[in-house]
Amino acid sequence: MPHTPSSANKVFQPASSTELADSPLQQLHSQLLDDAAVELYVKRDDLIHPQFGGNKWRKLKYNLIHAREKQYDTLLTFGGAWSNHIYATAAAARHFGFNSIGMIRGEEHTPLNTTLSFAKSCGMQLHYVDRARYRQKHQPEYLKKIKQEFGDVYLLPEGGSNELALKGCEEIIHEINDESGQKFDVICCASGTGATLAGLANAITDSQLAIGFSALKGGAFLSHEVIKYLNSSGLGASTDRSKKNWQIEQDFHFGGYAKIDEELLSFMKQFQAQYGFELDAVYTGKMFFGLFHLIESGYFKPGTIIIAIHSGGLQGNKGFNL
Ligand SMILES: *Cc1c(COP(=O)(O)O)cnc(C)c1O
């Protein structure tokens, strides 16, 4: 196998337990929230781990458990040059004693950006894939070729979004219910592939609501993805989905994926000054902007208890020099 990674990353003692501490639930206080008479809590998944926290860890967890059970020694996955998933997979692979290979969209640019140089420092082997080829990342033919070239690797899709990812995201709700006992009416997340939203929708009751704030243009496509994930998890088909307990907000993408403007940046700055923690520009900044917009416009009736998930992604801010 020509591409077998060196054993350099094996000097780390691999962690045997995939249990990390629950993330804290933090209540926010402000005039705006008081005026709307809503309670807002933030599930601080960004604090789970400094390098692989956030929803990328939620999505990796059961994949890594499965990969270990099946005795895979190498993870292979896909992502762009600033991908939170590439970053988290590289860090988690090192932490848990896997080799890792990243198939990176586009050409190599040197010096490597902070995301890719971090991934490389974790021992991840980087391979660059042109955009046409990268689009085949879900196609069985291409994945077969990859296995021929790299051996029997554990394949993780882009963003880490698959059936096992949903299971990890469902745990966010179990943690809130079991550990903190906090009641809530609405749970919010930022959405890219829709896997996190699907996991939340699976785990809440029919009288609760999960709202995904789309980080990309074209939320209609996202709805289809969420339905696909719900069906693949086996629950969509058997459960009564006539009462849909999730929705997607499509108006807060700021022009599209990873597009930002002054309004968003100044919101993020003000948010950090007021509440004392940082947001990322690609996902959580847009979610909180959208959520505050809804709260201010009276979208939620008085007494509504809302939880918003801080899904991490702060490493990506370096891509905007933030
Ligand atoms: C990837 C990511 C998301 C999107 O999650 P999906 O499951 O793909 O919808 C949200 N927030 C952050 C910080 C992310 O890195």
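**How the labels are earned**

Colleague: Which residues of α2 and α7 meet?

Modeller: On the α2 side they are Arg58, Lys59, Lys61, Tyr62, Asn63 and His66, and they meet Leu164, Ala165, Lys167, Gly168, Cys169, Glu171, Ile172 and Glu175 in α7. Contact here means heavy atoms within 4.5 Å. The helices are DSSP runs of H or I with at least four residues, strands are runs of E with at least two, and both are numbered from the N terminus.

Colleague: What should I know about the model itself?

Modeller: It's a predicted model, where local features need pLDDT of at least 70 and side-chain atom pairs count only at pLDDT 80 or more, while totals for chains, interfaces and linings use all residues. Residues are numbered from 1 along each chain as its sequence is written, and side-chain values use heavy atoms, leaving out hydrogens and water.

Colleague: Why is α2 called oblique to α7?

Modeller: The axes of α2 (residues 54-69) and α7 (residues 163-180) come within 6 Å and cross at roughly 125°. That makes α2 oblique to α7, because under 35 degrees counts as roughly parallel, over 145 as roughly antiparallel, 65 to 115 as roughly perpendicular, and the rest as oblique. The axes are lines fitted to C-alpha atoms, for helices over the stretch in contact, with angles from 0 to 180 degrees between N-to-C directions.

Colleague: Left-handed or right-handed, the crossing of α2 and α7?

Modeller: Right-handed. That word is for a near helix turned clockwise from the far one by less than a right angle; anticlockwise would be left-handed.

Colleague: What makes Glu171 buried?

Modeller: Buried means under 20% relative accessible area, exposed over 50%, and partly exposed in between (1.4 Å probe, protein chains only). Glu171 has 17%, so it counts as buried. Its place is in helix α7, and leaving aside residues up to four places away in sequence, Glu171 touches Arg58, Lys61 and Tyr62.

Colleague: And how do you know that Leu291 is buried?

Modeller: Its relative accessibility is 0%, so the label fits. Leu291 lies in α12 (residues 284-296). Again not counting residues up to four places away, Leu291 touches Leu40, Cys188, Phe213, Phe300, Ile306 and Ala308.

Colleague: Why is helix α8 called largely enclosed?

Modeller: Nine of the nine residues of α8 (residues 195-203) are buried, so the rest of the structure largely encloses it. Among them are Leu197, Leu200 and Asn202. Strand β4 earns that description too: six of its seven residues are buried.

Colleague: How many disulfides does a search of the whole structure find?

Modeller: Zero. A disulfide needs a pair of cysteine sulfur atoms within 2.5 Å. Take Cys189: the closest cysteine sulfur, in Cys188, is 7.8 Å away, so that's too far for a bond. Cys189 is also buried, at 3% relative accessibility, and Cys122 is buried at 1%.

Colleague: Which strands stand at the edges of the sheet?

Modeller: Four strands form an open sheet in the order β5-β4-β3-β6, with parallel pairing. β5 (125-129) and β6 (154-155) each have a single partner strand, so they're the edges.

Colleague: What makes β3 and β4 a pair?

Modeller: Two strands pair if DSSP finds at least two bridges between them. Six bridges join β3 (residues 74-79) to β4 (residues 99-105), so the pair passes the cut-off of at least two. Along it, Leu76 stands opposite Ile101, and Phe78 opposite Met103. Helix α6 (residues 140-150) lies across β3, β4, β5 and β6, at about 135° to β3.
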